[in-house]
Amino acid sequence: MAAREYVCVACGDKFDHTEVDQKHYAEQHYTDDPKRCKPCRAERREASVREKTPKFMNLCCVCGDVVFLIFPPVPGREAYCNEHYERRYR
Ligand SMILES: [Zn+2]
Ligand SMILES: [Zn+2]
């Protein structure tokens, strides 16, 4: 397998999907063609990490523990800590 050239959907730059990359893709069972160049992929990964970082705080309605939320709290919906969230559905 030789390196193949693709155009990044994010920045429009051409980039090589090298043999090493192709092997990596095969190992991860990725079947899609690569869509982004390396810098754009790294940026996306960082962005998704940022998105997963809890930004909002609420209090568990049962024990009053601080609960960290990724999404803004929904008005009228009670927050639960991990422990009480699980118990609620048992
Ligand atoms: Zn790019
Ligand atoms: Zn609780």
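1. In this predicted model, strand β1 (residues 4-7) and strand β2 (residues 14-17) run antiparallel and are joined by 4 bridges. Within this pairing, Tyr6 stands opposite Phe15 in β2. The two strands form a hairpin with 6 residues between them, and in the turn Gly12 has a positive phi of about 80°.

2. A second antiparallel pairing is found between strand β3 (residues 56-59) and strand β4 (residues 66-69), again over 4 bridges. Here Met57 stands opposite Phe68 in β4, while Gly64, in the hairpin that has 6 residues between β3 and β4, takes a positive phi near 80°.

3. Concerning the helices, none of the 9 residues of helix α1 (residues 19-27) is buried, the number being 0, so α1 lies largely in the open. Just after α1, the backbone at His29 takes a positive phi of about 60°.

4. Helix α2 (residues 38-52), with 15 residues, reaches 21 Å from its first C-alpha to its last, which is close to the 21 Å expected at 1.5 Å a residue. This helix is hardly covered, since the count of buried residues among its 15 residues is 0; for a residue to count as buried, 20 or more other C-beta atoms would have to lie within 10 Å of its own.

5. Taken as a whole, the protein chain has 3 helices and 4 strands, and these follow one another along the sequence in the pattern β-β-α-α-β-β-α. The domain assignment divides the protein chain into domain 1 (4-51) and domain 2 (56-88), and the C-alpha centres of domain 1 and domain 2 lie 37 Å apart.

6. On overall dimensions, the radius of gyration of the protein chain is 21 Å, whereas a compact globule of 90 residues would have a value near 12 Å. The C-alpha trace of the protein chain spans about 60 × 30 × 15 Å along its principal axes.

7. Two totals for the protein chain may be read beside these dimensions. Of its 90 residues, 6% are buried, and of the contacts with a separation of 6 or more, 19% are between residues 24 or more positions apart.

8. A remaining point for the reader is which residues with positive phi have been named along the way: among them are Gly12 in the turn between β1 and β2, His29 just after α1, and Gly64 in the hairpin of β3 and β4.

How values were computed:
Residues numbered from 1 in each chain as written. Chains lettered and ligands numbered in written order. Predicted model: local features only at pLDDT ≥ 70, side-chain atom pairs only at ≥ 80, totals over all residues. Expected span 1.5 Å × (residues − 1). Buried ≥ 20, exposed ≤ 12 C-beta atoms within 10 Å, placed from the backbone. Rg over C-alpha atoms; globule rule 2.2 N^0.38 Å. Contact = placed C-beta atoms within 7 Å. Pairing = 2+ DSSP bridges. Domains from an automatic or database assignment.
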